[in-house]
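Here are some short exercises to work through with the structure open beside you. Try each task on your own before you read the solution.

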Amino acid sequence: MSGSKLTQPKVLRSANGVLDVSLTASQSPVSIGGTTVNALTYGGSLPGPTLLVNPGDTVRVSITNRLDDPTNLHTHGLHVSPDGSSDNVFRRIEPGATADYRYEIPRDHPPGVFWYHPHHHGMAAEQVFGGLYGAIIVEDPTPIPATTEPVLIVSDMTFDSSGTIATASQMDRMRGREGSTVLLNGQLDATMTAHPGDRERWRIVNACTSRYLDLRLDGQSLQLLGNDSGRFEKPRTVTALTLMPGNRADVLVTMAAGTSVLQALPMDRGTPAGMRGGAAQSTGTVRLATLHVSGATGSPLPSPPDSSPRDLRSAPLAGTRSLTLAMGGSGMGGSGMGGMMGFTIDGRAFDAGRVDQLVKAGSVEEWTIINTSPMDHPFHLHVWPMQLIEVGGRLSETPTWQDVVNVPARSRTRVRIAFDDFTGTAVYHCHILDHEDNGMMGVISVA
């Protein structure tokens with residue numbers, strides 16, 4: 001049986017080139033499926049408000065920390081400065097303190113769906129799992145015709161009958177925690193309605209800490225405009241949407257009469273070596289929403305415009321690098337049992353005081369990310385998006401830009417990166433946030 005009508009997060013829209021936002025991170029009661037849950041929220045809502053901006057805008061955020069632990073703010077996917085009061089994940093907001101952020105969005109910033117969440121090292125997984133996340137929309141210079149443009153944020157959490165969110169066990173953290181309850185805009189099995197012929201533009205965010213999503217909407221026509229930080233040359237007709245943690249999808253849904261179910265099918269992410277108790281995967285199909293399409297048929301809308309994504313495949317390279325993602329035991333005999341498993345990049349755990357990659361500003365580089373572990377790892381680079389060249393041995397045939405790319409177990413992924421516009425210090429990491437918190441992150445300095 002389907003639940004209540006799907007609601008949209010509050011929208012905060014820029015005006016005259018500026019968006020001023022006040023956020024308070026705190027523990028707040030929210031109702032989920034009839035249970036009052038003591039979630040972590042921005043301003044008491046789950047998800048937080050959607051920030052709607054235009055290229056060239058200035059976004060000023062004042063965030064107050066009412067949590068028991070330090071926090072900060074990361075604007076995931078935005079191509080903005082990583083320094084100072086911009087997208088600087090090295091900042092630390094103590095409990096009770098307020099901090100100001102200022103993001104200058106370039107005038108040529110790509111349109112699409114992005115998101116924000118905490119990124120304080122060691123606390124990211126717990127705080128996102130608890131409910132701290134929200135969407136960012138960068139508008140198109142020329143609007144794409146659509147009947148409506150809902151934001152759909154998928155997240156998961158585990159809570160008991162008293163509404164207490166579960167603390168992850170050591171085994172959960174090694175696998176990457178997946179919640180027993182999967183939510184869409186903070187709701188369980190919500191309902192959506194539309195008319196035949198409507199073309200809705202769905203902005204989908206995978207805000208889960210670890211869960212991979214194989215999304216299906218049988219009976220409806222889907223055109224994928226792009227993932228993450230970029231557009232395809234032409235919209236792609238798809239029957240499924242695969243999103244790693246942190247990924248987004250910008251998709252057009254042309255409605256056909258009838259009832260369809262938005263579902264997330266289970267995906268196998270692999271198993272940490274030496275761990276008993278099964279694979280790190282969701283165990284069953286999850287109903288996210290039920291879509292009812294009925295009534296009068298609407299007039300057809302114009303086709304979406306083509307795009308001209310940048311293509312670095314023929315660009316001169318200033319250099320190549322390889323990074324190795326690995327999992328190894330820090331406990332008994334390297335097995336990981338009896339002690340926390342180590343998560344490393346190039347054999348080293350994260351150290352905020354160490355620069356791991358020094359890159360020349362304005363250069364184009366090709367990176368090969370090697371995964372020696374028996375689990376998939378979604379690799380995320382802050383500030384500078386990546387063009388996919390090869391994923392797990394499969395070449396990308398057209399220019400495809402993402403800021404989270406999958407590196408399948410015991411394989412490699414190649415990307416090209418243009419280190420344009422900004423200098424400064426940022427990070428790259430596995431976006432299974434428990435793995436990031438436990439060391440699978442490095443520091444990059446562009447100068």
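**Exercise 1: an open sheet**

In what order do the five strands of the open sheet lie, and what is their pairing?

Solution. Keep in mind that you are looking at a predicted model.
- Step 1. Walk across the sheet from strand to strand: the order is β1-β4-β9-β8-β6, and the pairing is mixed.
- Step 2. Look at the two ends of that order. β1 (11-13) and β6 (74-76) are the edge strands, each pairing on one side only.
- Step 3. Now consider the twist. On average, neighbouring strands of this sheet are turned by 25° against each other, direction ignored.
- Step 4. Zoom in on one pair. β8 (residues 112-117) and β9 (residues 134-138) are joined by five bridges in the antiparallel sense. In one of these contacts, Y116 has G134 in β9 as its bridge partner.

A reminder that helps here: strands of a sheet pair through backbone hydrogen bonds, either parallel or antiparallel.

**Exercise 2: partners of β19**

Find how β19 pairs with β14 and with β20.

Solution.
- Step 1. Begin with β14 (residues 213-217): four bridges link this strand to β19 (residues 258-265), in the antiparallel sense.
- Step 2. Pick out a facing pair. L217 stands opposite L262 in β19.
- Step 3. Turn to β20 (residues 286-293), which pairs with β19 over seven bridges, again antiparallel. Here the bridge partner of G258 is V293 in β20.

**Exercise 3: two pockets**

Describe the largest pocket and the second largest pocket by volume and lining.

Solution.
- Step 1. Take the volumes: about 900 Å³ for the largest pocket and about 690 Å³ for the second largest.
- Step 2. Find the centre of the largest pocket. Of its 30 lining residues, R236, L388, V391, R394 and Q402 lie nearest the centre.
- Step 3. Ask which strands contribute. At least two lining residues come from each of β15 (221-227), β16 (236-238), β17 (241-243), β26 (386-391), β27 (394-395) and β29 (404-407). β26 gives the largest share, with four residues.
- Step 4. Sort this lining by class: 15 residues are nonpolar, eight polar and seven charged.
- Step 5. Repeat for the second largest pocket. Its lining also has 30 residues, with D108, P110, S229, G230 and R310 nearest the centre. By class, 13 are nonpolar, eight polar and nine charged.

**Exercise 4: aromatic rings around Y428**

Classify the ring pairs that Y428 forms with W367 and with F379.

Solution. Two values are needed, for a pair of aromatic rings is described by the distance of the centres and the angle of the planes.
- Step 1. Count first: the model has six aromatic pairs.
- Step 2. For W367 and Y428, the ring centres are 5.9 Å apart and the planes stand at 80°; over 60 degrees counts as edge-to-face, so that is the class of this pair.
- Step 3. Place the pair on the chain. W367 belongs to β24 (residues 364-371) and Y428 to β31 (residues 424-430), so the contact ties together parts 61 residues apart in sequence. Both W367 and Y428 are buried.
- Step 4. For F379 and Y428, the centres are 5.9 Å apart and the planes at 35°, so this pair is tilted. F379 lies in β25 (residues 377-381) and Y428 in β31, so the parts tied together are 49 residues apart in sequence. F379 is buried, as is Y428.
- Step 5. Put the rings together: W367, F379, W384, F419 and Y428 form one aromatic cluster.

Conventions
Residues numbered from 1 in each chain as written. Predicted model: local features only at pLDDT ≥ 70, side-chain atom pairs only at ≥ 80, totals over all residues. Heavy atoms only, no water. Pairing = 2+ DSSP bridges. Axes fitted to C-alpha atoms, helices over the stretch in contact; angles between N-to-C directions. 1 Å grid on protein atoms, 1.4 Å probe; cavity = no way out; pocket = protein on both sides within 12 Å on 5 of 7 lines; lining within 4 Å. Points joined across faces, edges and corners; volume = space filled by probe spheres on them. Nonpolar A, V, L, I, M, F, W, Y, C, P; charged D, E, K, R; others polar. Phe/Tyr/Trp six-rings, centres within 6.5 Å; stacked < 30°, edge-to-face > 60°. Buried < 20%, exposed > 50% of the residue type's maximum accessible area, 1.4 Å probe, protein only.
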